[in-house]
Structure formats: C-alpha cells, structure tokens
Amino acid sequence: MTGSRRTLIGAAALTLALSALLLTETAYAAKPVGSGKGANTEQSGGGNGKGIYAAARIQYSGSVAKGGGPGNVTSTDVNWTPPPCWYAPYLGAKDFKKEMSKHIDSQLNAPGMGGTAGAAIGETQRHYEDGYGWAGSPGYKDYNVENDGKGMFWAGVENPDEPDYLKRSSCTDLPFWVENGDAPPPRYEEAISPEILAALAYQHMQLPDTKVTLAPEATTKVNLPTWAWLDKAVFDEVQATAALNVPGFNIQATTTAKPVSLKLEPGTKDAVTYPASGECVINADDSIGEPYAKGKADETPPCGVRYLRSSGDDTYKLRATITWEINWTGTGDAGGDLPNGTFGNEQAVTVQEIQAVNR
C-alpha cells in the first residue's frame, strides 16, 4: 500500500464494519430545545461477524422525529444531502488494542488468507503494534497504550439513513489517534464537527403540520374567493439539537428553522391563486395572509384561491407548503446557513356550483 492515507483493501482485507449510529430517545415534534429525555451519551465499541464497529452515540433533542428516524423536512437544494458517514471517537487505547488485535488475529488465521489481502492485514498489524507509518500517518507502538486515558482512537461511522451503500461506507480510513482536547488532523475532512452535527439535526428535524385556516372552510363555491391564512400563534420557529459528548471531546449544534412563506397549490388547474404565484410571504407580525372578516366577500384576498369549476362528487386536494429558512449555531461560535427546507400537507376542499332559483 502506498500514499499518505491507508484505507482498507476489499472485503477480504481487514474490514471495519462501522455500525449504524445508535440513536437516543428523542423529543416529540414542536417541543422546545432540551425538552426531550434523551438517554445519556455513551461511547461504546465491539465487534461482530463482519469486524470491528464504532458506536458513537449522538444525542438528539428538540423538534426531532420520534424514534430517531429522519424528520419531515425536504431541502430546497436538490444537491444538498446530509453526511453519509463521518469519523468519531471510538475507544481508548487499551480497549482499542483488545478489539483490534483480536480482529487482526482472526483475519490472519482465516483460511485462504494470503496475497494482497494478507499483506494488507500484516501492514495494519505493524501499524498498530510496531509503529509502522507513512506520510502523514505515524504508527503506534503497542496500540499507543502508554497514552491510555489521554485520548481516543477515532473510526468511521455510517449514517444509517443514507440509502446509497457506497456513500454510507466510504469512511474507510484506518482508526487514528486524537489527544483529548485536540482537533482531529485536518486531512480527515469527514471528522465529526459542529457543522456535521448541524446537518444531522437538520436530517432529523420534525416540522409541525401545515393546516391553513380557510374561509369558507372546507366547502366553497365556484368563483368565490377562498381566504387562506396562518396566525403567528399557529407556527413559530423550530429548533433541533445534536450533541456528542465523550471523554475529552464535547461538541453540539442547534439547527433553527424559521417559516418565511406559504405556497398554495389548489389541486386542480381550474383555479386561480392569490397572489398569482401562489406564494404568500410572511407579514411583519410573522403571520401569513389575512383573516377573513365580514364584509370582505367581494374583496381579493392577499393569500387564497378561487376555484373555477365544481369538484362534483369529489374534493380537490389543496396543498399548503411552508418554506423554512434554516441556519445553525454550534460549539466554538461556529454557525452558518443551511439550505431552506419545506414541508406541507393536503386539505380536502369541496367546491359547489352556485345554484340559481328561477321564479
């Protein structure tokens, strides 16, 4: 193997099967940050039939999906995706020696192990036992046990919610040592950071349902303007926090989503939206649209829809989608913007013909 960074060569070589991230119990949607009862963050590791795994437990709180799965936010940037994998603290030196040496021995003694795969495993053993290193990657004597308690070995972690296997399993560099209080070497761009935690909080964020108030409500008439609005009290900004706390390394990030506009899609081409774009911007008081009041029946609503044809015996599915402006802050005064997110719901609207009476 050559190069400044050694990676694993094939499944036959030493395999680091880096486990799915262990999620804590999360808070329910729309609760304030810190309201969840997440389990204590732990650091654990071990092995299975495939190899050694790292389990860096990230604690989520705030408005996040129940059960630890992905939230309901859709990024408006089709090119943006959460991190598919990352490097995180794994084990102290003594525990790492126990797990890694056991795995190396089992691989070296596997039937048919030889050639390039066997050589790769042999070099990995020399890397951790004899101090064999290469440019930018110094080796370790006896798994660095003389520094046990002063730092941790870091290893790759897969994002279990990444559907692309190749992306999910792309953090394949050999585990590396980081002293307590130090940042990981800059060449490990995927090392866990406040920015990565912010992206993970985004991925798990749960936005509140979007049900607009309509007037007339549920049933309207052909060519009668239907007013739509959202009071400030109905929705507000939402926050989700992701944190990682292990010996010598504690970071967190809070991702905040603020509603900025409402888009109405009538559910039929036989309709007119107000405004024409269907995009209702947020008002100065953080509300959207304007409540209907008596005497406004002949006025044009600032936010609404006018159906041009009856829905017959069926209903139209009016879709209301809110766009959320998203930013984040994290440990060390870090922060920035993330792509806007959207989430919407459908509401059934019955549209009737206005009946004329002949005398």
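Let me start with Asp286, which at 29% relative accessibility counts as partly exposed, in what I should say straight away is a predicted model. Asp286 sits in the loop between β14 and β15, the latter being residues 288-289, and its phi is positive, about 70 degrees, although the residue is not a glycine. Ala218 is another non-glycine residue with a positive phi, near 70 degrees, and you will find Ala218 in the loop between β8 and β9. Is Ala218 buried, exposed or partly exposed? With a relative accessible area of 37%, Ala218 is partly exposed, because that value falls between the 20% under which a residue is called buried and the 50% over which it is called exposed.

The loop that holds Ala218 also holds Pro216, between β8 at 213-215 and β9 at 219-221. The peptide bond joining Ala215 and Pro216 is cis, with omega at about 0 degrees, so anyone preparing this model may want to look at that bond on the screen now. There is a second cis case, from Tyr274 to Pro275, where omega is near -5 degrees, and Pro275 is placed in the loop between β13, residues 271-274, and β14, residues 279-281.

Let me move on to the disulfides. How many does a search of the whole structure find? The search finds two, and when the bonded cysteines of the protein chain are numbered in sequence order, the pairing reads 1-2, 3-4. One of these disulfides joins Cys85 to Cys171, with an S to S distance of 2.1 Å. This pair links distant parts of the chain, 86 residues apart, with Cys85 in strand β5, residues 85-91, and Cys171 in the loop between α3 (165-168) and β7 (176-179). The link is right-handed, with 80 degrees about the S-S bond, and both Cys85 and Cys171 are buried.

The other pair is Cys280 and Cys303, joined with an S to S distance of 2.2 Å. Here the torsion about the S-S bond is about 90 degrees, so this disulfide is right-handed. Because Cys280 lies in strand β14 while Cys303 lies in the loop between β15 and β16 (304-307), the pair ties together parts that are 23 residues apart in sequence. Cys280 and Cys303 are buried.

My remaining topic is strand β11, residues 238-246, which is mostly covered, with seven of its nine residues buried. Which strands does β11 pair with? Strand β3, residues 59-62, pairs with β11 in the antiparallel sense over four bridges, and strand β12, residues 249-265, runs antiparallel to β11 and is joined to it by nine bridges. Ala240 is a useful residue to follow across these strands: Gly62 stands opposite Ala240 of β11, and in β12 the bridge partner of Ala240 is Thr255. In the hairpin of β11 and β12, which has two residues between the strands, Gly248 takes a positive phi near 80 degrees. As general background for reading such a sheet, the side chains of a regular strand alternate between the two faces.

Note on methods
Residues numbered from 1 in each chain as written. Heavy atoms only, no water. Buried < 20%, exposed > 50% of the residue type's maximum accessible area, 1.4 Å probe, protein only. Disulfide = S-S within 2.5 Å. Pairing = 2+ DSSP bridges.
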